[in-house]
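User: Hi! Could you walk me through this model? I'd like to start with how its pieces pack.

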Amino acid sequence: MKFFIILIIYLSQIYAVQVGNGKSIVLVTNSCQGGIYDHNRPLPFLPHPNNDSHGFVILPIDYHATLEKREIQWYTPDTNLTLDLDIVQAPYPTETLSVDSTKVTPPPQTLERIAAEKAEAELIYNTTTPKRYWSNPFIRPIDSNTTSEYGSQRTYNGILKSYHGGVDFRARTPLPILSSNDGVVVLAKDRYYSGGTVIIDHGEGLYTCYFHFSRLDVNVGDIVSRGQTIGLSGATGRITGPHLHFAIMIHGIQTDPVDLLTQLNKLFGEQVVF
Ligand SMILES: [Zn+2]
């Protein structure tokens, strides 16, 4: 009977979760068997990086997710449970930015390029490499202050409304940018909006993205280590000034990189911060 009561308390703590739009939930389980269904998509529990008997799963919440209560199905070999999810508006600031007008109203001759770059990125982000490349905590790609956080509601040149899909780090002069963790380079090129761009596949549907480089030091297919220099920061693409834009994609969804990588690092101990 005592065991039963403890179990109920455990369930009531774990199975109702409030989360902001654009954030991620990292669920840790005491087994690697089973997983969750998110909108009918199975997300299996993955081996915990720091505890052989445990598993974990990342549930990303889209920035544009409907603010609602919804149920996530949690399955194991023996049972099916329900996770009550309460998606609420995260407190994001607003920003007004001035950029080159061609980056707000692109010239007709650039539209084909922009569409091709978008399709190329979507193909990458929706590909899940089954292997995990990383086995240590994630590090910041640059030792610098953040100048704009993820999720800011932005207005460009008083016309274009968008949200900030990553976090900006101060980099007034070209500075070496480091790979946040071990992985494989899946994109390294100049793009219309993001300028000099590197995307690294860390496996299991997780990608880190680095924008606005003045110099690329890696090529597609390169295996990179955590802390390896992948390029120099710059002021290319749609920018107000030189900086590093750092973003993540997880299971095809762009969530707050500081939020998710902080949670992933806690798998290595509460003190391991991103
Ligand atoms: Zn940015």
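**Helix packing and sheets**

Analyst: Happy to. Helix 3 lies across strand 2 and strand 6, and its direction is at about 15° to strand 2. Bear in mind that this is a predicted model.

User: Thanks! Which residues of helix 3 are buried?

Analyst: In helix 3, residues 257-266, the buried ones are Pro257, Asp259, Leu260, Leu261 and Leu264.

User: And what do those buried residues pack against?

Analyst: They pack against strand 2, strand 6, strand 13 (167-170) and strand 20 (243-250).

User: What sheet do strand 2 and strand 6 sit in?

Analyst: They belong to an open sheet of 3 strands, with the order 2-6-5 and antiparallel pairing. Strand 2 and strand 5 (46-47) are the edges, each pairing on one side only.

User: How many bridges hold strand 5 to strand 6?

Analyst: There are 2 bridges, in the antiparallel sense. Pro47 has Gly55 of strand 6 as its bridge partner.

User: Switching topic: what about the 5-stranded sheet, what's its order?

Analyst: That open sheet runs 1-8-7-3-4, and its pairing is mixed. Its edge strands are strand 1 (16-20) and strand 4 (41-44), each paired on one side only. On average, neighbouring strands there are turned by 30° against each other, ignoring direction.

User: Do strand 1 and strand 8 run parallel or antiparallel?

Analyst: Parallel: 5 bridges join strand 1 to strand 8, which covers residues 80-88. Gly20, for instance, has Val88 in strand 8 as its bridge partner.

User: Nice. Now the bigger picture: what are the domains?

Analyst: The domain assignment gives domain 1 (2-88) and domain 2 (94-266). Their C-alpha centres lie 28 Å apart.

User: How many residues are in contact between them?

Analyst: 12 residues of domain 1 are in contact with 15 residues of domain 2. On the domain 1 side, strand 2 (24-29) and strand 6 (55-60) each supply at least two residues. That side has 8 nonpolar, 2 polar and 2 charged residues.

User: Last thing: which residues touch the most other members of the largest nonpolar core?

Analyst: The core has 43 residues, and Ile177, Val198, Tyr207, Cys209, Tyr210 and Ile248 touch the most other members. Domain 1 and domain 2 each give at least three residues to this core.

User: Could you zoom in on Tyr210? What does it touch?

Analyst: Sure! Leaving out residues up to four places away in sequence, Tyr210 touches Pro141, Ile177, Thr197, Val198, Ile230, Gly231, Leu244 and Phe246.

Methods:
Residues are numbered from 1 along each chain as its sequence is written. This is a predicted model: local features need pLDDT of at least 70, side-chain atom pairs count only at pLDDT 80 or more; totals for chains, interfaces and linings use all residues. A nonpolar core is a set of buried Ala, Val, Leu, Ile, Met, Phe, Trp, Tyr and Cys residues joined through C-beta atoms within 7 Å. A residue is buried if 20 or more other C-beta atoms lie within 10 Å of its own, exposed if 12 or fewer, and partly exposed in between; C-beta atoms are placed from the backbone. Domain bounds come from an automatic or database domain assignment. Two residues are in contact if their C-beta atoms, placed from the backbone, lie within 7 Å. Two strands pair if DSSP finds at least two bridges between them. Helices (H or I, at least four residues) and strands (E, at least two) are DSSP runs, numbered from the N terminus. Axes are lines fitted to C-alpha atoms, for helices over the stretch in contact, and angles run from 0 to 180 degrees between N-to-C directions. Ala, Val, Leu, Ile, Met, Phe, Trp, Tyr, Cys and Pro count as nonpolar, Asp, Glu, Lys and Arg as charged, and the others, Gly among them, as polar.
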